[in-house]
Structure formats: C-alpha cells, structure tokens
Amino acid sequence: MLTFRFQKVGAAAFIPHVNAMRHITRAIRRAGIEAAYSQGFNPHMNVYLSPPMPLGFESLCEYCTVDTKTGAEEFMRLYNAHCLKGMECLEAAEVVANPNIAAAAAAALYEIEDPALIGRLDELQRGRFTVEEKDGGAEKDITEGVLAIERTPRGISALLKYGNMGNLRIDRFLEALARRIPDFKPQRVVKARLYCCDGSGEIIPAQQYISKILR
Amino acid sequence: MIYTHILKKVIKPARYTGGEYNSCDPAKPHEISFCFCFPEPYEVAMSNLGMKILYHMLNDRPDTVCERCFMPWPDLSEILIRQDIPLFSIESKKSLREFDILGFSIHHELCYTNILHMLRLAGLPFYARERGEGMPLVIAGGPCSVNPEPYAEFFDLIVVGEGEECLNSLLGLYLEEKGDRKRFLERAAAIEGVYVPSLLEVQYSSDGTIRGFLDPKVKKTFVRDLDNSYFPERMIIPNIEAVHDRAVIELFRGCSNGCRFCQAGFATRPIRYRSKGKLSRQAAKLIESTGYEEISLSSLSTGDYPELRDLLDELKPLKEKWTNISLPSLRLRGFYGEFAAGSLTFAPEAGTQRLRDVINKNITDEDIEAAFKEAFSADCSNLKLYFMTGLPTETMEDIEGIAQVALLAKRLSRSEGKRSPSITVSSSVFLPKPFTPFQWEAMDDRQATLEKQAYLRQIFRKNRIKYSYHDYDMSRLEAIFSRGDRRLSEVIVAAYRKGCTLDSWTEFFDAKKWDEAFSECGIDPGFYLRKRPFDEVLPWDFIDAHISRKYLQRECERAYAGVTTRDCRLGCNGCGASAGGCCALC
C-alpha cells in the first residue's frame, strides 16, 4: 500500500472531490500501475482520499492511499507522467496499512495572501470571527474553528479545524475575514498543510502521522 | 487563471475551466482557428461521439487548432451578459468572435434556441446574412442536418451527413479563399454534403406548402471507407462526469433493421462496418490513453455486428485489466446474456405483435419472453423497457399491450430472477421524422397522448412498476421542427427573445412562450404536425440522403398493410443506399 500527497492547483482546483478520485484512478490505469480492486458486483480500484475541500480552492496537501505494490519512487515517476495537469504527486510513501486520513484529519493550515492582512495580526488574534447564517439570518460565531493565526511574508496563515472532528470551511473563514477587514481581497489562498489526530489526541502533521505506519 | 472570480460564482465551474486530459494545446502554431460549438451543456456535449472524432481529427491537422465551447448554464450566461464578457472557448478562453470558424453540432430539435443564445453571447448576429467579413464563418452539422431548414438561415453553410471527409475538404478550401467569404461559399457548395442556405431559393404555393426549390440537390456526404477513416486514439477525459463517461469504439454505421419510425436507421445508411482487428486495436489504444474503466461498443444495433462474438473474444484482455465492456443498443432477439448482469435496456417499442409489424420491429412475443428469461437468469438487476405511443394505426389495444409486456417482465423477474430486479417502463411520443417511411404521418394530438399516458400510469402504479414518459409539449415542438421549413427560423428567434433556452431541460422548457412565439409570427404549428399527402413537396426534398422516396413510400404502404420487410442482411430491399456502391450488404 502507498500513500501519496498531491496538489490540486489551477483548473484542477475546480474539480469536485468525487471526480478527483476518478481522475486519480484513471491516471493510475494510464500509467500501467498495478493496483488492487474491490471484490463484488461492481469492482473499483481501492483508493482512499483525504476529506474534501470547497471547490475552487487550491491545495498542496491532498492525500490519497492506493492499494499497490509499486514502490514510492516508481509510483511518483509513472503517475506524474500520466496524471491530469494540476494534480501531480508531490511525495509518496509505502505504508503497511491504510492510514485512513479521511478519519484522522483534524486541522488544515491555509496560507492567505493579501497585503491588507499584513500588520493586522494582533487584531485578528484578539477578536471573534463571525459569519452570516446560510439562510441569511442570524450571525454565527465560528471562532471555535480557528486554531491559530500566524503572520507570513504575504499575509497570514490560518490553522482551521478540518475533518470529521470539527470542520471550518475555508470559504466561511474568508467570509469572516471580509466582515472584519473591509478592503480584504485575497490574491491567493492555498491549503498548505494537513494535520491529523494521532491515537493520543495530539494533532501532528500528516507526514508525521503517516510515517508511523511506513513499510 | 482568467475568470477565476466568475468561476467561483457558478455551479459546476469545471464545465468551463478546460485543461482536461487529452485536450488540445491551443498555443500550437496554426493557420485556422476552429471552435467546436455544442449547443448543450458540458455533460451532454462531452458525451457526443461526433465531437470526440472531429475534435481530435481537426487537432491532428498541422494547420488547425480546434477548441470547444458549449452552452453555458444560466448562471454563467447571466454573469457574461451582466459583465459584458463575450462567450469564450474552453481551451484558451478566447472570445468566439476571434475564431476563423465556429462549427455547431446540432443533434436535437430542442437545442435551436441555444444556438441563438451562444451567438448572442459571442456578440454575433443571428442570421448569416447579417454577418460579414471580419466575423467568423458559422457552420453546422450533426444529425439534425437531415432537415436543416428551420435553422438554415442562421448558418453560412451546413454539412449534411458525416463530417470527417467533408470538413477536411472545407478547411482546405478555406485556406485557399480565406478573406473572401462569398467566393468560399460558392466554391464550398460544390463539395459533396455542403449546403449553402443562401444559395437555395424555396418557392411556396398559396396554401403554404412548398412548390419547389431553385437549386440543384444537396447530396448527403458519407465516409466511403469506414474501416480506414479517421478515428481518434485518445479522447478527452471530462473534468466532471459526463452523461456517457467512457471510451467508445464505433462498430458500424447505418442499420439493417429498417424500423419504420427510426430516422437514424435510414439517414445513416449505407451500412459500413469496421473490421474487428481495427476495432480491437482502437479499443486497446483508447483504454491505454484514457484510463477509462469502461468501453462502449457503439452502433445503432450492436448485436447486428457480424463478428461481435469474435470481437468480444479479442477484447478479453481488457476485461482482465478491470475494464467493463458495454453493449448498448442490443436488440431483443439474440442479445448476449453474459452482458445482462446489472442494467439492461430493451426497446420493444410497441405492445402488440400487430403494431410491431406495422413499425417493422421484427421481434415476436416469443423473442420478448425469451430475452426476459435470459436477462433475469443472467442476474439482470434493472430492466428498462422503452415504448412509443402514438404510432401510426395505434389503438388502445396496443397501449394495453405495453402494460402486458411490462407485466410479463414483472412475472418472469419473480420466477426466473436470482434477486428482485427493478423494472422501469419509459414511453416516448412517436414523432414522424424526415427520411423515414413515416415522414408523411401526423403526430398524435395532446388529448390522445395524455389519455394513453394516464392509462399506463394508473396500471403501472397499481403494479409497482416505475413509469416515465416524455412530455407531450416538448415532443410536439420537436415534431414541428423536425419536419419544419425555413419559415420557422423567425419562430425560433421570437421564442428566444421571450427567454426560451435549454428547451430540452424540463426545468427550463416553457410551452406557453413557444405558443406565443408561433402566434406572434402568424404561424400555425398544426400545419407542421398534420398528415401529408405522398405528392406534397417536403421541406427536405432538396436533400438526397441516398434513400429513395419511392422506397419510403412503399414501406409506408406496407406498414398500413401490416406487412414486414426483412432485415437487409437477408437480402437487399432496394432502399437506394447501395447506389453509392458502399453498402456492405449489397
């Protein structure tokens, strides 16, 4: 089994999660990489993705596990030669079992580039984040989903809850930022890092989480 | 990426982003920029085999870049209009006005207003006569070109028949005459299959019927040597799931069955086969270049391919690589039971033997029962049955027959089936179509159609069989346009101006607006739905589709006599398609 990190950038950022999975399986098939299939009436390739993110946002840290005996280096070479542009594999590791990142994902770090954010870190760290309810009604406090905010050279990075254990969608967080910073116009938003919750409840980078089950 | 801010505001933005695997490089040096326009949304357009063939064929030309543009969904249309952004191609996001040629593929009568919408969004006048030098040449082709008259005046030229060879000739001529549209069109009219509407004059009688045409006939074009004709070794993988999202090989063109209602069966003659060796190589290449998990063996009647069993044997290595092989368009008689697992669709079309003889379906009650048994014993989990109502000579006994066939399936599913399969019945409304033996027939009226549908709905509800049926008003509009003349173009424009687009989508179709458009133009829809005498000049009579009018009339008379006509494979029936010397059966 093999777990790999891939990006979803450019036009590929607009491909929905379920279709992204099809693109991956087709790329694996085009590349001639042998992979295991499920048993039963309608067999499908055994691939497992990290949780979905809102459409149109770029990511450098999507994860996929595929049931294959192909080595990490060979997989990367073959897969990248046949994959959809914008969905390239960035690193791969052979694992002994499916790390089930969909279940373990706990937080995601987003880099938000906007000069309007520079110099407003203290203000952002102090106040609360609110959005309008989807039905246009009451205000909703989403501060609980914001785990940390840091300064970056071009804006801020925000660590948000992500996955089954609580989820703050990046588009909702951007809405909240726009409510607090009137001239907020992000030039680039990218999901840069994924964090998982290990057995002890600690939140650790996904790479570190995967490294515990390396083959 | 251009227009990212727009894409975030629309549903399914991947319809417009491009960058699909196997799509072309628009930056390739080229002399002709061609935009393949499909007047339906992405998921439908990306399923079209004609588009797949022509897109890759044009991009394989060293002098041409072919991009795509499909009908935008209303949310994007609204933004484009509000922000004054011209409709753009998927690949380079270039405005449609900047292309040399816009090629529309027209596959359905209910997409005619979509053509106008795309032209409007591109900033182009609707009528060809209003477009001049400096604007792209706007051409059309596709299945509806067998009677292009209702939309003819929107186009500079229309390819009647199969596009492969004709399009290459047209592009060669375009390079010679680039910059002189008038001369190009005059010379293009000499190419087989090319119809230049501005060169055809239609004369009318005082009763509104057509008296005649002032121009030589337009001959339908077709690929003579199908086995050696162009077929792509790769296909674009849609960004989001298309209606038919799989690799496709095309086994043959034309159909030998001669079902009297079926336009495709006659209009795509002569019958031409691809060799099994070539097909199996194409299948292997396509799976390798696309990674698809399914390949469809396409044709109008796949079970009729003479070497199907051998071909399936040759495709076995693909099955070992987890590739499903699907056989669509199987006839009830002699279908392949091993493909029955999963979902199966049969089209008995009529409920009684008498009516099946009228339409020349050439299947018996015994065939139907045997096929059902085989399907259920082979673990079919979902059986779909297609019928038509309103067929010529139909009585309520025939409608009752539809119910009986479905109830037979239900009974057999219990006695023969390994599990409890679902049965779905679907009925469409018979539409008389050009170049069929029923081209002179009337369409059933609304009242009669609704009564038949209500009757079936009640029986199927009681017996817990799923039943769906086509909307009468949509079918009626399709019937009007399929046998319409060029006077209808103003109705299309009027309806579009009232807001009609995406008419084949039930959520957007508005029959009332169409009625208003007919009324404003002073055109009686009933004129186009009536039964026509054999001696009436029909709007498509200037087209030679290689099917003899006498043959069609004879077939119509045989229908009324309840006499069937044999499958062409059992002997030539003299339809006229063999005159080109290309019919594989003659």
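**Entry 1: aromatic rings**

I began with the rings and counted 32 aromatic pairs over all chains. My rule was that rings of Phe, Tyr and Trp (its six-membered ring) pair if their centres lie within 6.5 Å; planes under 30 degrees apart are stacked, over 60 edge-to-face, and the rest tilted. I opened one of the pairs, B:Y467 with B:Y469, and found it tilted, with 5.2 Å from centre to centre and 35° between the planes. I then looked up how covered these two are, where buried means under 20% relative accessible area, exposed over 50%, and partly exposed in between (1.4 Å probe, protein chains only). B:Y467 is buried at 16%, while B:Y469 is partly exposed at 34%.

I also found a cluster held together by ring pairs: B:F104, B:Y112, B:Y151, B:F155, B:F481, B:W514 and B:F518.

**Entry 2: how I read the model**

A note to myself: this is a predicted model, in which local features need pLDDT of at least 70 and side-chain atom pairs count only at pLDDT 80 or more, while totals for chains, interfaces and linings use all residues. Residues are numbered from 1 along each chain as its sequence is written, chains are lettered from A and ligands numbered from 1 in the order in which they are written, and side-chain values use heavy atoms, with hydrogens and water left out.

**Entry 3: charges over rings**

Next I looked for a charge over a ring (NZ of Lys or CZ of Arg within 6 Å of the ring centre and within 35 degrees of the ring normal). B:R129 lies over the face of B:Y127, 4.2 Å from the ring centre. I found B:R530 with its charged end over the ring of B:F527, at 4.4 Å from the centre.

**Entry 4: salt bridges**

Side chains of opposite charge can pair when their charged atoms come close. How many salt bridges does the whole structure hold? My search gave 64 over all chains, counting a side-chain nitrogen of Lys or Arg within 4 Å of a carboxyl oxygen of Asp or Glu.

I looked at A:D198 and A:K212, whose side chains meet in a salt bridge of 3.1 Å, N to O. This pair links distant parts of the chain, 14 residues apart: A:D198 is in the loop between β10 (188-197) and β11 (203-205), and A:K212 is in the segment after α6 (206-211). The helices (H or I, at least four residues) and strands (E, at least two) are DSSP runs, numbered from the N terminus. A:D198 is buried at 11%, whereas A:K212 is exposed at 52%.

In chain B I picked B:E520 and B:K498, with their closest N and O atoms 2.6 Å apart. Here B:E520 sits in helix α19 (residues 511-521) and B:K498 in the loop between α18 (489-497) and α19, 22 residues apart. B:E520 is exposed at 55%; B:K498 is partly exposed at 24%.

My last find here was a network of salt bridges linking B:E162, B:E164, B:E250, B:R253, B:R272 and B:R274.

**Entry 5: cysteines**

I finished with disulfides (a pair of cysteine sulfur atoms within 2.5 Å) and found zero over all chains. Why does A:C197 have no bond to A:C196? The sulfur of A:C196 is the closest cysteine sulfur, but it is 8.6 Å away and therefore too far for a bond. A:C197 is buried at 19%. I checked B:C568 too: this residue is in no disulfide, and the nearest cysteine sulfur, in B:C575, is 5.9 Å away. B:C568 is buried as well, at 11%.
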